[in-house]
Amino acid sequence: MSNVETPAKSAIAEQSEWRSGGRTAVTAAIGYGAGPVLFLTTASVFVAPTVEATGWSTREVLISPWLSGLFALCGPLVSRRLNRKGVRSTAVLGLLGFSALLVLFAVMPLNHLTFYGVAAGIGLFGSFAYAVTFNRAVANWFSKSAGTAFGLVGAGGAVMPLVAIPVVSYVIYTYGWRMGYLALGAFALLVSLPNVLFGIKEPPLAPVRDEAKSRQRGERHAQPSVLRTARFWVLVLSCTVAIGGANGFLSNVQPILLDGGLTPVVATSITTLFTVGVIVGRLGAGALLDLTNKYAVAVSVLTISGLGALALTQVSTLPLLVVGAAALMVAFSQGAEGDIAAYFILDEYGKKDFATLFALAMAATAVGGIGVPFAFAWIIDSTGSYLGACILGTGCYLASAALLLVFRAMGRKNGRHDSGAGNDTAGALVTTAPTTPAENK
């Protein structure tokens, strides 16, 4: 079959995907945004009230970076259940367990053992209703429009805090920090769970049944072959340093602005632009991935964020509008990095092994997601300045872009020529026609 596709056929294919999977994409976005990711996006609201109520230090009550890492590290376990039970069952398990543990957080006797023990349980159960699961829901239905669909899911995680943070803040400052966790549980049970149960569909030839048939026929999966290729790990390393840089800036953008001499009011106003930048990064990069060459999109986004990070080293000397633009540029990668990783893995390696490979990639990126922010903190504490941290973040973005170019060169050497997952890398994949994504433009 020819790899050349007319625009008309491409448009028809895209429309068909949205007719079949559009409801799943929209409800996955809502389900993802109102689920465990909301624990991370509202975490800063809990810090001061918890410190005041417990007398613990900020370091003791700040558990969100560790939970973010745990969500990612549990990805391979999540992918195994997805391959056996499917998306809906896996997400429901995660949401019910996550909500039950939030109730425990609200009523349990407080000490360090119970606090960290329940937090670990939230990390475990929350991972089943996190990025791997909802991106798998999209990957089941989309190939031609996968970038836009992934971006929509990611945007759900960025938009929902605009609603949730005021609600959670009101509950905390009216009824106490423990009740704030009940509010998060209510979002999971009343918003996320119904969307999962009644909105997410699985295709007639769901991967779980395909996998069972493959096992019966004695077919082996592609992951061992893919995992033995240096090319896959170059992609993972690119994602790792990008996510590390994004998380480093997410944790420090306001202090960077304050250190540059801006007033708290101005710094806070610019920090709010991060939410706008994340949403634009999610939706914009996702749509562009569907419209043009994926390498051009990804490298451009990372380079733009790198330039924005470099500009933040000169906050005290640049005009305010330029500083605001720089903050937006950095935020683009915060919005796009997860979607870029998901799109590249789906496009390069196909639907059949998407959940497993994406979960392994996200587990590896947990190293960067936790390590780079702590490296930021070490540089800041050692030097008393945010200059070195901004330079480190710039290096992360540019290194990620360079690694993607290496990934592309390795693919051309192996005969891939920037195509989609329909052409397996080095014969690694065992796929069937219904699970083969379309060619990348």
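With a relative accessible area of 40%, leucine 104 is partly exposed. This leucine is found in helix α7, which covers residues 87–107. Valine 118 follows 14 residues later in sequence, and the C-alpha atoms of leucine 104 and valine 118 are 7.4 Å apart in space. These values, like the others below, come from a predicted model.

A step back to the whole chain helps to place such details. The protein chain has 19 helices and zero strands. Of its 441 residues, 56% count as buried. Among the contacts with a separation of 6 or more, 82% are accounted for by residues 24 or more positions apart.

Valine 132 offers an example of a contact between distant parts of the sequence. This residue lies in helix α9, which spans residues 131–139. Valine 132 counts as buried because its relative accessibility is 5%, where the cut-off for buried is under 20%. The C-alpha atom of valine 132 is separated by 6.0 Å from that of alanine 359, although the two residues are 227 residues apart along the chain. Leaving aside neighbours within four places in sequence, the contacts of valine 132 are Gly75, Val78, Leu82, Ala355, Phe358 and Ala359.

Several of these partners lead on to helix α6, made up of residues 75–85. The buried residues of α6 are Gly75, Val78, Ser79, Arg81, Leu82 and Asn83. Just after this helix, glycine 86 takes a positive phi of about 90 degrees.

Helix packing can be followed well from helix α5. Two packed helices are described by the angle between their axes and the distance between the axes. For helix α5 (residues 64–73) and helix α18 (residues 354–383), the angle is about 160 degrees and the axes are 7 Å apart. The two helices are therefore roughly antiparallel, and α5 passes α18 in a left-handed crossing. On the α5 side, the contact is made by Pro65, Trp66, Gly69, Ala72 and Leu73, and on the α18 side by Ala359, Met362, Ala363, Ala366, Ile370 and Phe374. Ten of the residues in this contact are nonpolar, one is polar and none is charged. Ala359 thus appears both in the contact with α5 and among the partners of valine 132.

Helix α5 also meets helix α8, which runs over residues 112–126. Here the axes come within 8 Å and cross at roughly 35 degrees, and α5 passes α8 in a right-handed crossing. Leu67, Leu70 and Phe71 in α5 meet Ala119, Ala120, Ile122, Gly123, Leu124 and Gly126 in α8. The residues of this contact divide into seven nonpolar and two polar, with no charged ones.

Finally, a word on confidence. The mean pLDDT of the protein chain is 82, with 87% of the residues reaching 70 or more. Confidence is highest in helix α11 (residues 177–199), at a mean of 95, and lowest in helix α12 (residues 207–216), at 46. Over residues 206–220 the pLDDT stays under 50, and the model has 21 contacts beyond four places in sequence for this stretch. The pLDDT is also below 50 over residues 417–441, which have 82 contacts in the model beyond near neighbours in sequence. Where pLDDT is low, the predicted coordinates should not be read in detail.

Conventions. Residues are numbered from 1 along each chain as its sequence is written. This is a predicted model: local features need pLDDT of at least 70, side-chain atom pairs count only at pLDDT 80 or more; totals for chains, interfaces and linings use all residues. Side-chain values use heavy atoms; hydrogens and water are left out. Helices (H or I, at least four residues) and strands (E, at least two) are DSSP runs, numbered from the N terminus. Buried means under 20% relative accessible area, exposed over 50%, partly exposed in between (1.4 Å probe, protein chains only). Contact means heavy atoms within 4.5 Å. Axes are lines fitted to C-alpha atoms, for helices over the stretch in contact, and angles run from 0 to 180 degrees between N-to-C directions. Angles under 35 degrees count as roughly parallel, over 145 as roughly antiparallel, 65 to 115 as roughly perpendicular and the rest as oblique. A crossing is left-handed if the near helix is turned anticlockwise from the far one by less than a right angle, and right-handed if clockwise. Ala, Val, Leu, Ile, Met, Phe, Trp, Tyr, Cys and Pro count as nonpolar, Asp, Glu, Lys and Arg as charged, and the others, Gly among them, as polar. pLDDT is the predictor's confidence in each residue, from 0 to 100.
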